[in-house]
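Student: I have a structure to read and do not know where to begin. Could we go through it one feature at a time?

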Amino acid sequence: MTDVSLAVVLPLLGAFVLPLTRHGILRSLGPVIGPILLAACALILFAAWSAYDVPYAVALGSFAPPMGITFYIDDLALLFALAVPLTTLVLWPGESDPAATGRQSLTLLLAGSLTGLALSGDLFNVYVFYELAAVASYGLVVGDGRSPAYVAAFRYLMISALGSVVGLIGIAIIYFKTGTLNLADLSTLSGELADPQGLAAFAMLVIGFGVKAEAFPVNGWVPEVYGAVGKRVAALLAGLASKLAVLVIVRILILVFPHDETRQLLLVLGILGVAVGELAAWQARDIPRMLAWSSIGQLGVVFVAFSLPGKAGVIAGVTVAMHHLVVKSALFLLADRWDRAIESLKGAASTSRIGAALFVLFSLSLLGLPPLPGFWSKFLVLGGLAASASPLQLLAMGTILAGTVIEGAYLLRVVVTFYARPDAAVRVPGQRAGNLLGAGLFALVLLTAAVMINPLWQGLEVLAERAVDTNGYQHTVLGDREAGR
Amino acid sequence: MIGALDSLFLLALVAIPLSLLLATSRWGRWLLVAGYVIQFGLLVTMVSGSSPPSAVSFSLLGNDVGWQLDPLGWLFAMITVGAAGFAAAYASGEWGETHAAHGGSLRWLYGGLQINVLAMLLLLSSADFISLFIGWELTSWSGLILMLLAGGEAIRAALRYIVYAIAGGMAVFAAMLVTSAAVGSLQFDAVQAAVPSMSNGQLWAIALLFIAGFSVKMGTMPFHLWQAPAYAFSPGPASAFLGSISARMGMFAIALVAFRLIGVTQLDRLAIVPDWFDLRDLLAWIAVFTAILPTFVAMRQNDARLLLGWHGVGQGGYMLLGLVMADSLGSAGGLLHVFNHASYQAILLMAVFAVIHRTGTSDLNRLGGLVARMPLSFLAMLIGIIGLAGLPPMNGFVSKWMIYRALIIDGHPLLFVATVVSTLGTVLSVYKLLHNTFLGQLRLEHETVREAPWSMTVPMLLLCVVVFVTGVAPGLVLQYVAAAQQAIGLEPVAFILGGVEAGSGSLDMLWISAILFAGFGVGAVLFYLMGGRSRRVHQLDNYAGGHFLTADVQYQYSDNFYAGLMHRIKPWYRDTFAWTESALVSVLGIVSSAARGFFSQANPASWALVGTTVLMTWMMWHALA
Amino acid sequence: MSTSVGLVFFIGAIGLCVIGIAGIVLSRHLFRMVLALAIAEAGANLLLILAGYRWDAVAPIFTGTAGGQAMVDPVPQAMVLTAIVIGVGVQALALSLVIRIKERYGTLDMQEARQCMQDDLDDAGGVTPSRSRERPAGERPIPAPTVLNSTGGQHD
């Protein structure tokens, strides 16, 4: 039962050991430590998944909750926790330049902290892992030391640190009111947190954790950072880290603040995110920033999805989030060599057929062409929105649909440019084999999901049922069903 | 043993990779044409009433998805596969080789054609809203493949098309979800049963969203701007296929949703001005404006392909007009017009592309006098324009007659007059097409033009036979139209082999054609009795004003045709719709710049602070209120 | 007595936060933003400690004397220790970024640095810049105003 915490510990250990392999005897070991550790984490989580039956809690250090730190393992946590090492493996920075050890160390740090975010059941533990992931991402953003990356990293740091201060104040308010930071314990006290201070604390937590989740007022860093970093790092941040941050906000929403006002807050932030993201992307003239704004728009859809009450919200949200993880990571992989102005990529399809074809596939899935999974994710979100008569939700539905039309316009503009006749003067770079392999893997996942919609959906029903079962959560963590060390 | 529908799907699916593989060789292309013939044959075997549902059915996310072909879908499917077969035959010979020599991709032409056919079959045989939406989106996107093939000016038109198509698709999506929320199921039977118990507001939302979404594909106003350029600039056979049947998928969907699922009685609940103007009247007026305005836009066109493209938009208005009359005669006219229009639009587009193949231009101001050089193409175009104009003995006359009759019987004199104005425009416009291409003075550069190859003229002439036969004996098609009407819950038309039998006056084309040809026969007898005096003169042997005219001198001008009429109606062309479209795009650009401006903040954290303050104020206000 | 002292502490903590956040948002100088961040984090940490503070209690350390004495809540103090460490790490990283920005772009002004970053990104991507980087043609008709700028660097 303690195996699952190893999935958090191993990458952290690897991150600290890696710099030791820079010189000396261990030099040959350096490049393989990371992938081996990540594969080990994936295996541990797979084993936990196959042995998994009902949700359980792990008390670290044998300190019983609500005093100590708990890890809570249910379907939702396992799904996101499993996504972390797998995605990090596909997006692993495999270059062998001198700065590689540092980059790989930071990536392991990111992976470990994101897994911790998925599994954690205590608010301060979440904060610590979140800050760890943030610091790792600052380092990754700096990357190979290009000048704009420093400025972008600084600006990102400022927004993120401001968000963290606000989030810390929010945590302080919660502690003031309830005296505990254990999520299960807070869940039993959620009635006390329904007053103005409590809701203000939720708003602050959303600002705090929303920075990584590219939530609306705190997403100014996104286009600069994704434009300035290497695209594999951008894939990690946009694809993986943002989803885990959303997961944290959603857990807090479901367990501690299950009120209409908080859901409405997420809905409004989602609508604004979709509108701003898709509109800004329409005028994008280079690929990385277009993908950055598009990612803001899609995360807006994720927020809208999770704002739906009950099971429907969790199913819709998880579907959209997972779909975006696969598609956006793959698109950023394809943009690794093509990170330049769209006009200068005229005729890219003749240089790299597979790359252009994969780009078309992912664009079609983003736009929601049936039977690709993107269609089903939109179906679930919009179906949930249409089921209510509230004007705000109908506005959300209209915004998402209008956003899709705009998305079609700019994505197809790019596709058409790719397939145009190449300019004789401009040389379009081809794709690297590693990136194509990664994007191909993601495409395989996408197409498999397209075929296996039904079994996936049944699994998601169970996942959502358990995720919204707050009584079960409280009982598991605080009651007599926990499994301590 | 797999059913006929499943074998049809399977064949269409297998034919896609076959098309991609075989299209580059001549015998491969003929094989693909044979494939279309087999698909047509499979469809013919399904003609008797409702075929059994497809075995391909599954449950997705709690909804049942399945396919089944009813008579309405069968009618459209026949036209689809027929049009695709003729288009494939057209491209299989010399046209294909020339196209490939100029760098065109035959693989994607044939592959795209087959993908379109499969997508349309999926749409036409849908049994619930999810399969309908799957077919709808696949049709929209596969049309894009054909439009992008030509490159150049076609790209812009194709991009405009796909934005409209996505917008329409999203409207259909929204309608589908509202229906699901209101009814609880997406099966057609369940929706049909639940419609009477829906509130007026819900029914309005569903009806408007569906009809708007489907109208975008149909090209009815105000969503008509994309259609003509997008269809016109695709390569020849693709243009013929798209122009004849692609937009009519919207018509099928409107017939399905508005008439089969909602039904006329429920539709009449949706009144705009009670007892005087309801949704069907609105649709009728929209249809009639769609019939008039694009037709007069067509008259102004100087590119033959665009002229025909705009006529396609206009004729769609006729079909919708007939359908929304919802009586036996009008709706039969509308549905029959789908078939008729497909047949003569294909002929006309094929003839125009044959002229382009030989002369290299479709500019009506640079052609002329080709009648002696390309007589078969002339004959085909002549029959085509008689059909398009709606004159006997071709099939266009029958469907138009039925629509006029229905308008008069149902008491819509204004609509009738408007429709007649549109027909006037059509007649004038198609004569311009024929005259500028084939009549008038032959240009020097076209003196050595030969007739189009057999691979191109045979499909045209076969279609001419179809147009003529179904014009003389429209009952052949009307039996299927009547079955389709029954499938959507309208009263079937009382047809006879020669036309329609109605209490207020029947139409018997057999008699009319007989009298017409008897007239010609009498004239021919008189002519030959009087010695048959005719002399063959070379086309370039001309004499006027005391001079022998040489061919290099232009003495017959056919540009600025209808100069007087154009002068009169030119002030009416204010490009309002194009202006509205570009205004919308500009507004979008401004809002987009504002959204981008949000990200160009000097201090990274300023918006974060503003946002935090606003959020917290809002949350506390919420909690206190 | 303790409530008024507590109030002072609360106002102080919130005030520090406000000063810090205002500093981050309103400064143009990179170093000042880092300092403001430090102040804001100090304020937030103080707030967290106050959340667990009891006015008549001792530090939460077992000293071997007889129990029964009221202790302040140790949990927020542990959290604050963690938060301080995180804050120190982040501030150190921020400072190293400031040093690098000064090395590469030669300016510590946020607007200038941002403009340099955008120009570099546009150049790298081959995007034509959204505003011209060239000086206006010709001579100024009226002399430029003297700019009193203590952040270093004259702009014209």
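**Reading the interfaces**

Tutor: Begin with the contacts between chains; 53 residues of chain B are in contact with 61 residues of chain A. Keep in mind that this is a predicted model.

Student: How much area is buried between chain B and chain A?

Tutor: The area buried there is about 5,000 Å², and carbon and sulfur atoms give 82% of it. On the side of chain B, the residues that lose the most area to chain A are B:L61, B:F599 and B:M619, together 16% of what that side buries.

Student: How many salt bridges does the rule find across the interface of chain B and chain A?

Tutor: The rule finds zero salt bridges across that interface. It does find five residue pairs in polar contact there, both residues at pLDDT 80 or more.

Student: Which elements of chain B supply at least two residues each to the side that touches chain A?

Tutor: They are strand 1 (58-60), helix 6 (129-148), helix 7 (153-183), helix 24 (576-599) and helix 25 (606-624) of chain B. Helix 7 of chain B gives the most, with 13 residues. By kind, the residues on this side of chain B divide into 41 nonpolar, 10 polar and two charged.

Student: Now chain A and chain C. How many residues of each are in contact?

Tutor: 39 residues of chain A are in contact with 46 residues of chain C. The two chains bury about 3,600 Å² between them, 79% of it on carbon and sulfur atoms. In chain A, the residues that lose the most area to chain C are A:Y150, A:F154 and A:Y175, together 18% of what that side buries.

Student: Which side chains meet in a salt bridge here?

Tutor: The rule finds one salt bridge across the interface of chain A and chain C. The side chains of A:R289 and C:D122 meet in a salt bridge, at 2.7 Å from N to O. The count of residue pairs in polar contact between these chains is six, with both residues at pLDDT 80 or more.

Student: And which helix of chain A gives the most residues to the side that touches chain C?

Tutor: Helix 6 of chain A does, with 19 residues. This side of chain A divides into 26 nonpolar, four polar and nine charged residues.

**Reading a helix**

Student: How far apart are the end C-alpha atoms of helix 13 of chain A?

Tutor: Start from the expected span: at 1.5 Å a residue, the 25 residues of this helix (residues 310-334) should span 36 Å. The end C-alpha atoms are 37 Å apart, which agrees. Also, 22 of the 25 residues of helix 13 of chain A are buried, so this helix is largely enclosed by the rest of the structure.

**Reading the backbone**

Student: What should I look for in backbone angles?

Tutor: Most residues other than glycine have a negative phi, and most peptide bonds are trans. Now take the cases in chain B. A cis peptide bond joins B:M221 and B:P222, with omega about 0 degrees. B:P222 lies in the loop between helix 9 (200-218) and helix 10 (227-232) of chain B. A cis peptide bond also joins B:P392 and B:P393, with omega about 5 degrees.

Student: Is B:A326 buried or exposed?

Tutor: B:A326 is buried, with a relative accessible area of 14%, since buried means under 20%. Phi of this residue is near 60 degrees, a positive value in a residue other than glycine. B:N560 has a phi near 50 degrees, also positive, but counts as exposed at 56% relative accessibility.

Key
Residues are numbered from 1 along each chain as its sequence is written. Chains are lettered from A and ligands numbered from 1 in the order in which they are written. This is a predicted model: local features need pLDDT of at least 70, side-chain atom pairs count only at pLDDT 80 or more; totals for chains, interfaces and linings use all residues. Side-chain values use heavy atoms; hydrogens and water are left out. Contact means heavy atoms within 4.5 Å. Buried area is the accessible area (1.4 Å probe) that two parts lose on being put together, summed over both. A salt bridge is a side-chain nitrogen of Lys or Arg within 4 Å of a carboxyl oxygen of Asp or Glu. A polar contact is a pair of N or O atoms within 3.5 Å; within protein, one must be able to donate a hydrogen and the other to accept it, and residues adjacent in sequence count only if both atoms are side-chain atoms. Helices (H or I, at least four residues) and strands (E, at least two) are DSSP runs, numbered from the N terminus. Ala, Val, Leu, Ile, Met, Phe, Trp, Tyr, Cys and Pro count as nonpolar, Asp, Glu, Lys and Arg as charged, and the others, Gly among them, as polar. The expected span of a helix is 1.5 Å times one less than its number of residues. Buried means under 20% relative accessible area, exposed over 50%, partly exposed in between (1.4 Å probe, protein chains only).
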